[in-house]
Amino acid sequence: MNTNNHKLVGLILTLLALLASGHGAYAEPYLAVQKGMQCSSCHSHPGGGGKRTVYGNVYAQSELAARHVGDSDLWTGEVTKWLSIGGNLRASFVDVDTPNRSGTSDSGFDRGTFYLEVGLIPNRLSVYVDEQFSPDGLENREAYLRLNSKNTKWFVTAGEFYLPFGLRLQDDSAFVRQASGINFANTDRGLQGGYNAGPWSTIASITDGSGSGQDSSDNQFNLTSSYVQPGWHAGASINVNNDDAGDREMFGVFGGYKTGPVAWLAEFDVISDDIAPGVTVDAYAGLLEANWTIRGENNLKFSYDYLDPNTDISEDHQVRYSLVWEHSPLQFFQARIGYRLYDGIPQVDAQNRKVIFAEVHFFF
Amino acid sequence: MNLSQRRNNKNIISLTSISLFLAACTGGDGSGLPPGLPPGAFGPNFSEIQANVLTPTCATTGCHQGASAPLGLRLDPAASYGMLVGVPSSEASSVLRVTPGDPNSSYLIQKLEGSASVGAQMPLNAPPVEQASIDVIRQWITDGAIDDRVPSSAPIKVTSLTPIPDTALTAAPANIVAMFDRELDVSTINMMTFVLEASGGDGSFAENNETPITAANISATATTATFALTGVALADDTYRVRLFGSGASIVMDLDASALDGEFSGTFPSGDDVAGGDFEASFSLAVPVNTATLDALQANVFTPSCAFSGCHTGPTGSVLPAGMDLGNADASFASLVGVASLQQPSLQRVTANDPENSYLVQKVEGTAAGGQRMPLSGGALDQALIDDIRQWISDGANR
């Protein structure tokens with residue numbers, strides 16, 4: 001089968017998947033902006049992340065990758081009618097230059113994960129497990145039961161899962177993800193329900209608010225809603241985490257806009273933490289990111305992160321500039337090299353570090 | 001210039017303009033904060049550690065601060081001491097986050113140095129804390145992990161106890177160690193104020209059948225009281241540790257203030273009122289060692305080997321392979337260091353080497369000669385074979 005045939009098969013499967021799911025797909029928010037689709041088009045979880053859908057897999061092989069090698073059949077993740085799987089393996093080299101300290105370099109496996117979804121009643125009732133197997137052996141990340149309405153627009157989830165808040169970035173060290181604490185390092189247990197159809201996606205969660213650990217007498221409430229159109233999307237998130245020792249409240253707005261080959265992403269969060277009786281700290285976190293896609297397989301990402309950790313203290317804010325090139329030479333593989341420049345207060349050397357990194361990412 | 005080229009040029013101009021604009025938005029100059037100190041250039045006391053390490057590095061927005069702190073571990077100034085000292089780790093519950101007096105056994109140090117058995121080195125997604133600063137934290141822990149922010153008018157409290165309260169031990173502890181949040185009057189630590197007692201076998205301390213345990217020695221340093229158990233035999237039972245803050249003989253600090261000892265499961269002890277006894281318990285159940293020769297004799301050799309016609313009999317009778325396994329002494333003499341008759345190159349039992357012990361090969365059925373033992377009654381359970389292996393690995397002692 002020649003290249004044109006590969007593309008034809010990919011296109012047909014993509015269209016079939018789109019028709020089947022009713023909406024679209026992708027792995028990082030900028031891809032969703034470029035395609036004008038919801039995160040759930042590419043990922044099993046309605047909020048994005050984790051195992052890829054049939055469309056997500058097909059897109060990754062037929063559009064994201066520069067070329068498709070090997071057998072012309074496309075991997076869909078579906079092993080049987082009832083069982084679908086997926087996985088990620090990331091390895092990296094990181095060089096960190098911190099003022100007044102010796103430079104450090106490190107390389108190794110960052111994370112290996114395996115996804116499994118059992119469709120007990122296909123498209124209606126499923127069990128989902130996201131298990132990290134490296135490093136440090138097996139560690140459960142997500143495990144939940146999801147019930148979809150007959151038209152699949154409504155869903156209810158119970159178990160342990162990642163909360164959606166703002167842009168679902170892969171980079172946990174982005175200030176908006178780090179400061180919100182809602183990232184791929186923290187799951188929570190509880191109930192989630194939502195509406196996911198057409199341009200609208202709304203997900204409401206009530207969870208332990210335990211940060212994966214301590215019992216809390218109160219609960220965490222989280223609500224994220226987004227509206228997607230070809231060429232742009234916009235959304236907002238609210239989170240309230242009550243705790244005996246003090247509450248946390250967060251509000252964020254986020255969006256994306258496409259100008260030709262460039263997909264712009266932006267998020268701004270306001271975070272309020274009670275850290276002691278009568279003492280509240282307000283913080284701002286922001287992100288502005290431009291993704292310049294040069295053909296499907298190359299993406300040049302420039303991002304600017306902003307964090308003011310305490311609005312009552314002057315000149316304590318931090319910024320970060322990142323320049324990252326992502327390249328997908330063939331299906332199931334992506335390479336990424338980048339440079340990050342941190343600029344923060346002079347009292348903390350780590351806030352003024354420079355980071356060079358290279359990462360390889362295998363996924364299916 | 002076509003439409004596509006014009007769009008590309010527009011994007012280049014937009015990206016360049018925004019990049020230049022953002023490049024002008026630099027980080028803060030820190031003028032609103034106290035000047036920083038070089039790594040390790042602060043004292044080994046909690047308030048300085050909080051100010052120079054925990055607050056700027058750990059208790060940052062989205063990390064160990066506020067209601068969403070990972071694993072519920074808050075390290076902001078109001079919460080950090082109470083969440084660290086004497087508190088079991090959420091990731092590794094057998095390890096205290098800070099074990100006063102023992103930095104190597106403190107999970108905080110393990111996480112900062114990257115030697116913890118679970119999870120990533122802290123701080124996450126950031127360079128490690130400088131070793132000079134970690135060394136200061138180590139020194140603070142070695143010195144007893146005292147909370148120097150406690151006003152001197154507050155009563156003295158217990159900050160940790162080893163063994164950890166309510167733990168189930170499988171080996172007798174060598175010492176009972178209590179740590180305090182300030183300097184003790186060491187003369188008030190004695191057999192009247194620091195007491196260990198066994199429940200009497202019923203796990204309860206309300207029946208008046210409790211048995212006091214006499215310490216090998218009771219001692220105290222500035223912030224530590226130790227009840228030594230060297231040479232003291234402890235039976236399997238539930239034990240209660242008591243430090244008295246009320247009554248005729250009490251624990252006091254240097255200001256003659258009585259111990260604030262009430263303990264409800266979390267450290268530090270007390271209800272902020274001087275006076276009150278500290279009470280905590282632990283249980284001890286030492287597993288029976290089945291990998292001794294006496295145990296093997298009872299569980300293996302006597303029931304499976306040493307019955308009439310096999311490896312036992314009156315003196316002079318013909319024993320298979322000349323091997324008498326009729327009692328432990330005879331078994332020891334027949335097995336340990338004795339060459340096999342079937343396989344003379346191997347000893348029946350080679351101490352510390354179960355793989356090359358013919359006894360193991362015979363009971364596992366891997367021996368080069370003869371049949372698997374025992375001949376009748378079926379193969380030994382693997383658990384019994386494991387006991388034999390363990391006894392040999394332990395030196396095959398009598």
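## The nonpolar cores

In this predicted model, the largest nonpolar core has 62 residues, and the members that touch the most others are B:V158, B:A178 and B:L243. Domain 1 (46-142) and domain 2 (158-284) of chain B both contribute residues, so this core lies between them. As a general backdrop, nonpolar side chains tend to be buried together in soluble globular proteins.

B:L243 is a good place to start looking around. Leaving out residues up to four places away in sequence, B:L243 touches B:V158, B:A178, B:T193, B:F194, B:V251, B:L259, B:G261, B:D277 and B:F278. Another core, of 35 residues, lies apart from the largest one, and its members include A:Y55, A:L64, A:L169 and A:V228.

## Where chain B meets chain A

Now to the contact between the chains: chain A brings 58 residues to it and chain B brings 41. On the chain B side, helix α1 (residues 3-23) gives the most, with six residues. By class, the side of chain B that touches chain A has 20 polar, 16 nonpolar and five charged residues.

## Two crossing helices in chain B

How do helices α6 and α7 of chain B cross? The axes of α6 (residues 293-305) and α7 (residues 328-335) come within 9 Å and cross at roughly 95 degrees. Angles of 65 to 115 degrees count as roughly perpendicular, and α6(B) and α7(B) are therefore roughly perpendicular to each other.

From α6(B), the contact draws on B:L293, B:D294, B:Q297 and B:F301, while α7(B) supplies B:A328, B:S331 and B:F332. Sorted by class, this helix contact has four nonpolar, two polar and one charged residues.

Conventions
Residues numbered from 1 in each chain as written. Chains lettered and ligands numbered in written order. Predicted model: local features only at pLDDT ≥ 70, side-chain atom pairs only at ≥ 80, totals over all residues. Axes fitted to C-alpha atoms, helices over the stretch in contact; angles between N-to-C directions. Helix = DSSP H or I, 4+ residues; strand = E, 2+ residues; numbered from the N terminus. Parallel < 35°, antiparallel > 145°, perpendicular 65-115°, else oblique. Contact = placed C-beta atoms within 7 Å. Nonpolar A, V, L, I, M, F, W, Y, C, P; charged D, E, K, R; others polar. Core = buried A, V, L, I, M, F, W, Y, C linked by C-beta atoms within 7 Å. Buried ≥ 20, exposed ≤ 12 C-beta atoms within 10 Å, placed from the backbone. Domains from an automatic or database assignment.
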